[in-house]
Amino acid sequence: MRKRLMSLVIVLVMALALPVASQMQEPVDYDALYKIKDEGLQRSQVMDILSYLTDVHGARLTGSPNIRAAADWTMKKMTEWGLVNVKLEPWGPFGRGWVNERFSANVVAPNTYPLIGYPMAWTPGTNGAVTAEAVLAVMETEADFEKFRGKLKGKFVLPMPLREVKAHFEAEAERYTDAQLADLAKQIIPGDRPQQQFAAMLSQRQFAAKRAQFLLEEGVAAVLEPSRGDGGTVFVQSGGSRDPKEPPAPPRVMLAIEHYGRIFRTLQKNVPVSIEMSVQNRFIDEDPKTFNAFNVVGEIPGADKAAEVVMVGAHFDSWHAGTGATDNGIGSAVMLEAMRILKASGLKLRRTVRIGLWGGEEQGLLGSRAYIKEHFGDRETMALKPEHAKFAGYFNVDNGAGAVRGVYLQGNEAIAPVFSRWIEPLKNLGVTTLAIRNTGGTDHLAFDDVGLPGFQFIQDDLEYNSRTHHSNMDVFERAQPQDLKQIATVVAFFVYQTANREQLLPRKPLPKPQPAPHGPGGGPPRM
């Protein structure tokens, strides 16, 4: 009886000791954390980096002169910090670049007022200033085309119905509550994908392409569309194709809903409205010698495990109405700052740490996927390259200006005990949550697609989805200095731990081959 009792006690002690032993196997370097915090929180340069990317170089649409100028500045800065192998890695084909060089719009009758609006990317200009009548031509089905055939030539056309604009009773910005973070940490059990929703979306895209073609054939002066934002916030993306082989688009301008609504209601009263508009857009043909699509890379060399690589990254490109601050100048700035922190702190890194700032993310993760195919493997065939076996992990930032609250694990159960140890000393910075669920829409997916550990941080939303994402309000003022310092510091610590642990980060099983993504044309215009 006593022997059985003693055996039971031994088994229980061993069982209780297992988690402790597991934790002891994942060391945390507190001295390094002190140095990283000291550099990242006391001598941060992140806001200055962001200002150069946004205020000085402006919006960074892939294929534009702006993104190339910003890349040149970034490479110079990385070289000043002592990074090596700093370069542009071209990829493509991407198609034509595009830039808006001048825009002005004013209602000139029945009285005068300026319009808040922005040309949509990859659409043509007006070939000089044009003064013409505005017309209501709401088209929601193909049958509506016949109502307006032969009546729209040379007109400014309003083809969308007018939506209701409601008052804002809740704050635009928000941070995660403890309850929301706890809910985020729960495993999602997926249901069946609603086929009706997918079919409706496809039908809408097909109709949009037909409407765009109809308006182009009618010879309209320009198409005016209402933004989904309000209060002066205008959300703007692409209105045409960057592929010169695809059908052209008419000039398209996204207006503030308040100005679209004023014109709409005036026309409903049978009061004529005249608009004077000048749109100067320029297409930039792809040149293999100078290339217009690229990623920016640089490295801090490792020591005894230098052949193995840890990567940080963010997409470098943006849309064009703002200056691409929260999407994703902040991601690029904090990753650059994380590299600066690691270099300035003088900490020894066993593995090589590499930064990748990606082009073409807004068109479908084009830059990061091209990089993965060149260096690690082909997701379409799952044919892997030697670098795949020596890759430690990738960390991505692309969710706006909010502080890091945790990490999305992308379904990687084996990484949870590792990251649990790492976030323990970061809880006083607000990092508390590990979410097993996937998150999509950004460049860590390119790594995950070929079975490499790729992670996106959980961030407070702030105003990202309500105000800044793809809008004219995506500007420097929306960045919060304390949050950006925290992000860069957290990233630098995660990278340091990854670079110096004995083993590569745990991986999920290799995925199955996946079909090719959408082609270079960017799909039919959304109209």
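Arg43 counts as partly exposed because its relative accessibility is 42%, between the limits of 20% for buried and 50% for exposed. In this predicted model, the side chain of Arg43 meets that of Asp38 in a salt bridge, with an N to O distance of 2.6 Å. The structure holds 28 salt bridges; those described below are followed by a helix pair and a surface patch.

**Salt bridges**

- Asp38, the partner of Arg43, is also partly exposed, at 26% relative accessibility.
- Both residues belong to a network of salt bridges that links Asp38, Glu39, Arg43, Glu337 and Arg340.
- Arg68 and Asp72 are joined by a salt bridge of 3.6 Å, N to O. These residues are four apart in helix 4 (residues 65-81), so about one helical turn separates Arg68 from Asp72.
- Arg68 is partly exposed at 30% relative accessibility, and Asp72 is partly exposed at 39%.
- Glu463 and Arg478 form a salt bridge, their closest N and O atoms lying 2.7 Å apart. Because Arg478 lies in the loop between helix 13 (464-468) and helix 14, and Glu463 in the loop between strand 18 (454-459) and helix 13, the pair ties together parts 15 residues apart in sequence.
- Glu463 is buried, with a relative accessible area of 12%.

**Helix packing**

- Helix 9 (residues 325-345) packs against helix 14 (residues 481-500) at an angle of about 55°, and their axes are 8 Å apart. Helix 9 is therefore oblique to helix 14.
- The crossing of these two helices is right-handed.

**Surface patch**

- Phe198, Met201 and Leu202 make up a nonpolar surface patch, together offering about 260 Å² of accessible area.
- Leu202 is located in helix 7 (residues 195-218) and is partly exposed, at 39% relative accessibility.

Notes: Residues numbered from 1 in each chain as written. Predicted model: local features only at pLDDT ≥ 70, side-chain atom pairs only at ≥ 80, totals over all residues. Heavy atoms only, no water. Patch = residues over 30% accessible without salt bridge, like charges linked within 9 Å, V, L, I, M, F, W, Y side chains within 5 Å. Areas by Shrake-Rupley, 256 points an atom, 1.4 Å probe, with all protein chains shown as cover. Salt bridge = Lys/Arg side-chain N within 4 Å of Asp/Glu carboxyl O. Buried < 20%, exposed > 50% of the residue type's maximum accessible area, 1.4 Å probe, protein only. Axes fitted to C-alpha atoms, helices over the stretch in contact; angles between N-to-C directions. Parallel < 35°, antiparallel > 145°, perpendicular 65-115°, else oblique. Left-handed = near helix turned anticlockwise from the far one by under 90°.
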